[in-house]
Amino acid sequence: MAKVFIYPATSLVLSDMVERWGHEALGAATSIRERIQTPSLDSPPLQMTPEDPKKGLKYAAVEVPCGVRGRMSIYGPLIEEADAAIIINDADLSFGCMGCARTNELVMYMVRQQEGLPVLDIKYPYSEEEGTAFVTQIKEFLTGLGGENNE
Amino acid sequence: MSRDQYVPTYVGTVTKYVFIDSPDVTPQTLAIRAYEISDGLMIKETCFGLQVTGAPENVKKLITELRKVDPAHIFVKDRGFPPGDTRRCRANLGGARPGYYGHEFESGLFRYVSHGLEELEKNTTPEFPRFGKKKLDEGKLPLEKLVEIIRNEEA
């Protein structure tokens, strides 16, 4: 079973595809759950602690807005942990404020900078033919990573 | 900023969304099936399907069983927050919570993905178009067009 980083990190379809074929999807929920279930001094109602932007310094310089660093403290460790990555390139749903936009750029850059990390680049399907291509390519990629098959 | 101690709930559990987009199975039918085999898991029926919370191995077993109901039309995703968490629950915030906009977008594409899964099941897809990497200037205004606009403005 391989750990597969998915982008957009909140993607429902990618998360399903990865788990459907026996691998573990590394998305935002994984990191958020870790924070939600850890007792700490927090600042409710936020799920991020004031420590997170400091942790994000590993991935983005201090001049970078703390919103980006905070987000990178969630995504950075996932990318380091990943054995492979699947990127949907035309994912407008991950569009947001400049914090989100810059984080997305940094995430894509980090994924591509990881040496030896297999990456699958795809687009969302907008027809039945594209749907077939979408699913087949993901399955081929995941099968190439080895591991069990749930189906 | 308050510095209250945060005491988490449902420690050690996982929460999964189960989305159903099927012509044959409704969320209610799926919920009844889930209750039948739940084995002590917390199940919340929603308009799109279910949320399941419990020990990871029990949730995995339940999901495997639920997928059998309609494999090509059931989609599962992790959720960080447990159901009813005041930081995300609509009952406390009002309006749709932020993540639903992403789900709504992807729900519109389920039919294409489901079609792909069915084709894959039939194993009738020896050839299919492959997507390449997105080009840097894809979808952008072509240079020639920009020059033409500038010239028209100048004229």
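Two exercises on a predicted model follow, each with a worked solution.

Residues are numbered from 1 along each chain as written, and chains are lettered from A in the order written. Local features need pLDDT of at least 70, side-chain atom pairs count only at pLDDT 80 or more, totals for chains, interfaces and linings use all residues, and side-chain values use heavy atoms, without hydrogens and water.

**Exercise 1.** Determine the strand order of the open four-stranded sheet in chain A.

Solution.
1. Strands are DSSP E runs of at least two residues, helices H or I runs of at least four, both numbered from the N terminus; two strands pair if DSSP finds at least two bridges between them.
2. β1(A) and β4(A) pair in the parallel sense over four bridges. Within β4(A), A84(A) is the bridge partner of V4(A).
3. The order is β2-β1-β4-β5, with parallel pairing.
4. At the edges stand β2 (24–26) and β5 of chain A, each pairing on one side only.

**Exercise 2.** Establish whether N104(A) is buried or exposed, and which residues it touches beyond four places away in sequence.

Solution.
1. N104(A) belongs to helix α5 (residues 98–113) of chain A.
2. Buried means under 20% relative accessible area, exposed over 50%, and partly exposed in between (1.4 Å probe, protein chains only).
3. N104(A) is buried because its relative accessible area is 15%.
4. Contact means heavy atoms within 4.5 Å. Not counting residues up to four places away in sequence, N104(A) touches Y7(A) and S94(A).
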